[in-house]
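Here's a quick walk through how two chains sit together and where their charged side chains pair up. Have a look at the structure first, then read on.

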Amino acid sequence: MMNDANFTLDNLSKQVINAYQKGFPLCNRPFLELANRFNSTEKRVLECFQDLQQMQVLSRLGPVFNHQKAGASTLAALAVPEEQIDEIAKLVNQFTQVNHNYAREHSYNLWFVATATNEDALQQCLAHIHRETGFKPLILPMEQAYHIDLGFNIEFTESTGVQ
Amino acid sequence: MTAQQLLADNIDSLQLSPEQQLELFAAIEQGLPLVAQPYLAIAEEIGATEEQVISTIEHWQEQGMIRRFGLVIRHRKLGYVANAMVVWNVDDACVDDVAAILAQKKVITLCYRRPRVLPDWPYNLFCMIHGKDRAQVIKQLDDMCQHSELAGIDKKILFSNKAYKQRGGKYSQASASGN
């Protein structure tokens, strides 16, 4: 398990993170709008975003698409011998359609999400992953979404190592 | 409905050409540039006006194609290193009811129904819990299962022990690569 939280976040960063995982302003000077709200300056807010990106806390600033409306998507899993998992994960990562890829504690131990422009392209990609890795994916498309959190509240405490 | 169909539906009202809409889609899925006028920067890139870019993104939000628009955070970097997928084997007749209970819990960030793949995979309901450590997540799950309707359900907890890749879906790149 990796936790590289050996950096310090200032108050502005914490406020920005918890306030703008959704509803980032759509206007000509969005960072100025944040600056006004948090009693800061546009320059300072922009630096804050750049720092968060540099620290790799910020993956990106932008949209999270509804997979079903933006294209085809599925969760899939492979059951891979433990000693081969890094190597197989690397093969899976090479596919641009794969956007999440995690090792998990189960006989199905490599879990990834693949997205494509349509269902045919998605199935082709999964077949390609099967051929490339030699392992048959367990294909688990979403049938019904009951709850999707729109960015959750981060509790900044000393125990996180992020102060 | 595919992205292209959605885009094609709205050509007239948005006054961006289908090509420009795809370019805009591709540009924002990479993330906004961190400059004072990010929408203007994108507009210049795709030969549109700032207003067109903003109104198109607003429109995609209203349509639900964009679920949220803002900071996408790497939770592990903020100490949320325990990421558990909990899978439940729920009687088909009860799945909506069980999901409704889970969806109300504060610690659950996602809850989905997915198909069983028998005999290997009997689980049809999935939820995610993000926590700062394993013990916290297990305790949250145990507390939740005090609820009488959850207590007897066969379930498994799959912690992640390595993140090989974590980023947003790249619909436009995926289409360009043709894989």
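In this predicted model, chain A and chain B bury about 8,700 Å² between them, with carbon and sulfur atoms giving 58% of that area. Buried area here is the accessible area (1.4 Å probe) that two parts lose on being put together, summed over both. On the chain A side, L26(A), F65(A) and Y146(A) lose the most area to chain B, together 10% of what that side buries. Counting contacts (heavy atoms within 4.5 Å), 93 residues of chain A touch 86 residues of chain B.

A word on the ground rules: this is a predicted model, so local features need pLDDT of at least 70 and side-chain atom pairs count only at pLDDT 80 or more, while totals for chains, interfaces and linings use all residues. Residues are numbered from 1 along each chain as its sequence is written, chains are lettered from A and ligands numbered from 1 in the order in which they are written, and side-chain values use heavy atoms, leaving out hydrogens and water.

Now for the charges. A salt bridge means a side-chain nitrogen of Lys or Arg within 4 Å of a carboxyl oxygen of Asp or Glu. The whole structure has 8 of them over all chains, and 3 salt bridges run between chain A and chain B. Here are some of the pairs:

| Pair | Closest N to O distance |
|---|---|
| E105(A) and R134(B) | 2.9 Å |
| D86(A) and K162(B) | 3.3 Å |
| E42(A) and R29(A) | 2.8 Å |
| K43(A) and E47(A) | 3.1 Å |

D86(A) sits in helix α5 (residues 85–93) of chain A and K162(B) in strand β5 (residues 154–166) of chain B, so that pair joins two chains. Helices (H or I, at least four residues) and strands (E, at least two) are DSSP runs, numbered from the N terminus. By relative accessible area, buried is under 20%, exposed over 50%, and partly exposed in between (1.4 Å probe, protein chains only). D86(A) is partly exposed at 42%, and K162(B) is also partly exposed, at 36%.

Within chain A, helix α3 turns up in two pairs. K43(A) and E47(A) both lie in it, 4 residues apart, about one turn of the helix; K43(A) is exposed at 61%, while E47(A) is partly exposed at 30%. E42(A), with 15% relative accessibility, counts as buried, whereas its partner R29(A) is partly exposed at 33%.
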